[in-house]
Amino acid sequence: MPGHGRYAYQSIEDRASGDWPGGKRLAVYIALNIEVFAFGEGLGAELAPGGPQPDVLNYTWRDYGNRVGVWRMLDEFYRLELPATVLANSRTYDECPGIMEAFRRRGDEVVAHGRTNAERQGVLDEPAERDLIVEATTRISEEEGRRPEGWLGPWISQSRITPDLLAEAGYRYLLDWCHDDQPVWMATRGGGRILSVPYPQELNDIPAIVARRVEGRQFAEMIVDGFDEQLAQSAKQPLVFGIALHPYIVGQPHRLRPLRRALEHIADHRDDIWLCHAGDIARHWIGSAA
């Protein structure tokens with residue numbers, strides 16, 4: 001049976017691992033996807049079945065997130081004093097000036113998320129995929145004044161060599177693999193390795209709301225139930241709890257209101273958890289393994 005060869009099976013029950021900083025057992029991060037899309041071509045989530053291009057309905061629905069939704073969410077992050085891990089398309093700096101600067105002022109982490117979400121990297125040949133990684137990395141590094149440490153592919157798209165290319169480009173961790181509740185080391189070619197930090201596909205508003213047609217209140221309930229359950233489970237071993245959000249989906253007013261209640265629930269437990277960025281999780285895990 002074909003396999004990936006990146007990591008071996010190991011039950012979460014059979015691992016020796018310590019606490020998160022401060023003796024906490026549950027690390028919590030909020031992943032906010034800041035994405036841009038091509039007009040009249042390429043990929044993009046759909047609110048309703050799209051017609052012939054240009055698909056104005058769905059393009060402008062997504063554009064609402066960068067024009068309005070993200071700013072409403074930013075207000076909530078400030079109000080609740082919640083850190084955000086910003087998963088950014090590199091062309092956001094050109095298409096939506098001001099967004100990345102607003103998160104930079106907060107000191108939030110920027111994770112590289114490709115160039116745009118109108119494309120997938122996993123369909124590219126090796127030179128083209130390497131060029132995509134270099135282009136996105138260079139632009140984010142220039143704008144932020146430091147290299148991103150983490151990567152999430154647009155549409156969670158990877159080729160068979162993506163982890164190798166990321167490790168060779170200097171990335172310390174990736175978010176694309178959703179196979180565990182703890183970070184997992186992945187082997188890369190040439191005897192290297194890269195860390196996989198858990199990134200949610202269940203508590204992610206695109207699969208939940210766009211694909212499965214769950215609405216805002218139910219999605220917020222899923223967040224609360226998942227958080228409460230993992231907080232209880234973390235008594236056995238340290239765990240990672242992530243939420244993946246897109247401003248054009250949960251930044252819509254009728255979805256933002258129930259999301260606010262879910263975020264308040266998490267904030268109310270800040271003394272019991274480690275509220276952090278995805279990069280904090282990676283650095284702690286890497287440091288613990290050193």
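Begin by selecting Trp151, which counts as buried because its relative accessibility is 0%, and keep in mind while looking at this side chain that the model is a predicted one. Trp151 sits in strand β4, which covers residues 150–151. If you then add Val110 to the selection, you will find a residue 41 positions away in sequence whose C-alpha lies 9.3 Å from that of Trp151.

**From Val110 into β3 and β2**

Extend the selection from Val110 to the strand that holds it, β3, residues 109–112, where both faces are covered. Glu109 and Val111 on one side of β3 are buried, and so are Val110 and Ala112 on the other. Next show strand β2, residues 85–88, which pairs with β3 in the parallel sense over four bridges; within that pairing, the bridge partner of Val86 is Val110.

**On to β1**

From β2, move to β1, since these two strands also pair in the parallel sense, again over four bridges, with Ala31 standing opposite Thr85 of β2. Strand β1 runs over residues 26–34, and nine of its nine residues are buried. In a regular strand the side chains alternate between the two faces of the sheet. Colouring β1 by side-chain direction gives two sets: Leu26, Val28, Ile30, Leu32 and Ile34 point one way, while Ala27, Tyr29, Ala31 and Asn33 point the other way, and all of them are buried.

Which further strands does β1 join? Select β8, residues 239–245, which runs parallel to β1 and is joined to it by seven bridges; here Leu32 stands opposite Leu245 of β8. Then select β9, residues 274–275, which pairs with β1 in the parallel sense over two bridges, and where Trp274 stands opposite Ala27.

**A second group: β5, β6 and β7**

Now turn to β7, residues 192–196, together with β5, residues 173–174; these strands run parallel and are joined by two bridges, and Leu174 stands opposite Ser196 in β7. Adding β6, residues 184–188, brings in an antiparallel partner, joined to β7 by five bridges, in which Ala187 has Arg193 of β7 as its bridge partner. The hairpin of β6 and β7 has three residues between the strands, and in this hairpin Gly190 takes a positive phi near 80°.

**Asp164 in helix α5**

Which residues are in contact with Asp164, once its neighbours within four places in sequence are left aside? Select Asp164 in helix α5, residues 162–168, and display the contacts with Arg6, Thr188 and Arg189. Asp164 is itself buried, because its relative accessible area of 5% falls under the 20% limit.

**The whole chain**

Finally, zoom out to the full chain, whose secondary structure comes to ten helices and nine strands. The C-alpha trace spans about 55 × 45 × 40 Å along its principal axes, and the radius of gyration of 18 Å agrees with the value near 19 Å that a compact globule of 290 residues would have. Of the 290 residues, 51% count as buried, and among the contacts with a separation of 6 or more, 72% are between residues 24 or more positions apart.

With a surface representation switched on, the chain exposes about 13,000 Å², of which carbon and sulfur atoms supply 50%. If you colour by charge, the 32 positive and 43 negative charges have mean positions 1 Å apart.

Note on methods. Residues are numbered from 1 along each chain as its sequence is written. This is a predicted model: local features need pLDDT of at least 70, side-chain atom pairs count only at pLDDT 80 or more; totals for chains, interfaces and linings use all residues. Side-chain values use heavy atoms; hydrogens and water are left out. The radius of gyration is taken over C-alpha atoms; the globule rule is 2.2 Å times the number of residues to the power 0.38. Buried means under 20% relative accessible area, exposed over 50%, partly exposed in between (1.4 Å probe, protein chains only). Contact means heavy atoms within 4.5 Å. Accessible areas come from the Shrake-Rupley method with a 1.4 Å probe; for residues, only the protein chains shown count as cover. Lys and Arg count as positive and Asp and Glu as negative; His and the chain ends are not counted. The place of a charge is taken as NZ of Lys, CZ of Arg, CG of Asp or CD of Glu. Two strands pair if DSSP finds at least two bridges between them.
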